[in-house]
Amino acid sequence: MATTVDSGNQYDRAEEVKRFDDSKIGVKGLVDSGLTTIPRIFLHPPETLSDLKPKPKPKSVAIPTIDLSGPRSTVVEQVAAASRSFGFFQIVNHGIPVQVLDRMIASIRAFHELPTDVKARFYRRDAGTGVSFISNVDLFHSKAASWRDTLQIRLGPTLPELEHIPEVCRDEVVQWNLHSTTLGEQLMGLLSEGLGLDKDTIKNTTCLDARVMVGHYYPCCPQPDLTVGIASHTDPGVLTLLLQDHTGGLQIKHEGEWVDVKPVHGALVINIADILQIMSNDEYKSVEHRVLANPSEEARVSIAVFFNPSAREALYGPFAELTSPEKPAHYRQFIYNDYMRRFFSKELDGKTLTNFYKL
């Protein structure tokens, strides 16, 4: 991170980032201090900010909502169609009681609203215990930080020792792990069948096993037009399951325009991630998405579960059944560990990983 000059004063961005990270207070700590302008490390460049302004839309676009209680053949067809066109869809009647969803959101909110000194005990950039509280996973790689804090917990292949999970959300996380794993397996079966493959095809690549949960907290931002909640990016894994509260702010890129993913109480948001786009040989789409900085007084909370392969030294690439002389592989094979090292060495920005492995 280079030293930059701002208004004639020497501005050492690297030093300011380190000072913020060492404070362990997160973005909420900054808000609690009473600041009315955001620190310079959160200011995004003009090309990012100009794209935040809503453009007039000739028609309203909404991502598909799929009722999982319908006939299986219909659900497979709807899931496949949404994955090919949008890369995102919402699901209802998914088998997880709405009370479980509400308690999960409340527990993650409760963690982030604990006293700063209590949360600071969990603040770390290494994932040794399987639990970490951080602000911005790409803080030291990005050009600008984003206005959010995150509680990250490894769910699989095995949960962390229970005493390492904050008590305020421990029971809810354990229950959420069980529910999300069952639902993840169901979704992978539907997505496999949507490609014309056996229902266990995606699951058999160990993509159900390595699961990571992130509980994001987006406090009120005093200057939401100068920063973002999460910068535009695609997810690097296989599949993402997202629970969001009622606040809104998530957007996906569809046909070159940003589309709001409006919260639906009781629904879950599902999106295709980069590895599944690669394995499907571009049948399914992993699309860019972002979260706007939160302008409202109430903090926004969302919980994502990322499904990733556990066979870290295995080769991944397009499924052989989906390639032929008429439709050759669009991607070269890669070792998953190498792929993830590349992801964590850069900032969150666009589709650089899939482009890197493109043939």
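# Exercises on a predicted model

The largest nonpolar core of this predicted model has 66 residues, and those with the most contacts inside it are Trp176, Met213, Leu239, Leu268 and Ile303. The exercises below begin with this core.

## Exercise 1. The nonpolar cores

Determine which element gives the largest share of the largest core, and list the contacts of Leu239 beyond its neighbours within four places in sequence.

Solution.

1. The largest share of the core, 7 residues, is supplied by H7.
2. Leu239, one of the residues with the most contacts inside the core, touches Leu187, Met188, Leu191, Ile270, Asn271, Ile272, Ala273, Val305, Phe306 and Phe307 once neighbours within four places in sequence are set aside.
3. There is also a second, separate core of 15 residues, with Ile63, Val214, Ile230 and Val287 among them.
4. As a general background, nonpolar side chains in soluble globular proteins tend to be buried together.

## Exercise 2. Overall dimensions and confidence

Establish whether the radius of gyration of the protein chain agrees or disagrees with that of a compact globule, and state which stretch has a pLDDT below 50.

Solution.

1. A compact globule of 359 residues would have a radius of gyration near 21 Å; the value for the protein chain is 20 Å, and therefore the two agree.
2. The C-alpha trace spans about 60 × 45 × 45 Å along its principal axes.
3. The protein chain holds 10 helices and 16 strands, and 51% of its 359 residues count as buried.
4. Among contacts with a separation of 6 or more, 77% join residues 24 or more positions apart.
5. The average pLDDT of the protein chain is 93, with 94% of the residues scoring at least 70. Residues 1-8 have a pLDDT below 50, and this stretch has 17 contacts in the model beyond near neighbours in sequence.
6. Where pLDDT is low, predicted coordinates should not be read in detail.

## Exercise 3. Two helices compared with their expected spans

Compare the end-to-end C-alpha distances of H7 and H5 with the spans expected at 1.5 Å a residue.

Solution.

1. H7 (170-194) has 25 residues and reaches 36 Å from its first C-alpha to its last, close to the expected 36 Å.
2. For the 15 residues of H5 the expected span is 21 Å; the end C-alpha atoms are 22 Å apart, so the values agree.
3. The buried residues of H5 (98-112) are Val100, Leu101, Met104, Ile105, Ser107, Ile108, Arg109, Phe111 and His112.

## Exercise 4. The buried face of H9

Identify the buried residues of helix H9 and explain why they line one face of the helix.

Solution.

1. Within helix H9 (residues 336-344), Tyr336, Asn337, Tyr339, Met340 and Phe343 are buried.
2. In a view down the axis of H9, these buried residues fall within an arc of 160 degrees, and so they line one face.
3. The general geometry is that an α-helix has 3.6 residues a turn, so residues three or four places apart point the same way.

## Exercise 5. Backbone geometry in the loops

Locate the cis peptide bond and the positive phi values of Asn93, Asn281 and Gly196.

Solution.

1. Most residues other than glycine have a negative phi, and most peptide bonds are trans.
2. The bond from Gly156 to Pro157 is cis, with omega near 10 degrees; Pro157 belongs to the loop between strand E6 (149-154) and H7.
3. Asn93, in the loop between strand E4 (88-92) and H5, has a positive phi near 50 degrees.
4. Asn281, with a positive phi near 55 degrees, sits in the loop between helix H8 (274-279) and strand E13 (289-292). Its relative accessibility is 0%, so Asn281 counts as buried.
5. Gly196, just after H7, has a positive phi of about 80 degrees.

## Exercise 6. Accessibility and distance

Classify Asn204, Glu77 and Pro115 by accessibility, and give a C-alpha distance for each.

Solution.

1. Residues over 50% count as exposed, and those under 20% as buried.
2. Asn204, in the loop between H7 and strand E7 (210-218), is at 58% and therefore exposed. Its C-alpha lies 9.9 Å from that of Met188, 16 residues apart in sequence.
3. Glu77, in helix H4 (residues 72-85), has a relative accessible area of 59% and is therefore exposed. Glu77 and Gly196 are 119 residues apart in sequence, with C-alpha atoms 11 Å apart.
4. Pro115, in the loop between H5 and helix H6 (116-120), is at 47% and so counts as partly exposed. The C-alpha atoms of Pro115 and Ile134, 19 residues apart along the chain, are separated by 15 Å.

Terms used: Residues numbered from 1 in each chain as written. Heavy atoms only, no water. Buried < 20%, exposed > 50% of the residue type's maximum accessible area, 1.4 Å probe, protein only. Helix = DSSP H or I, 4+ residues; strand = E, 2+ residues; numbered from the N terminus. Arc of directions from axis to C-beta. Expected span 1.5 Å × (residues − 1). pLDDT = per-residue confidence, 0-100. Contact = heavy atoms within 4.5 Å. Core = buried A, V, L, I, M, F, W, Y, C linked by side-chain atoms within 4.5 Å. Rg over C-alpha atoms; globule rule 2.2 N^0.38 Å.
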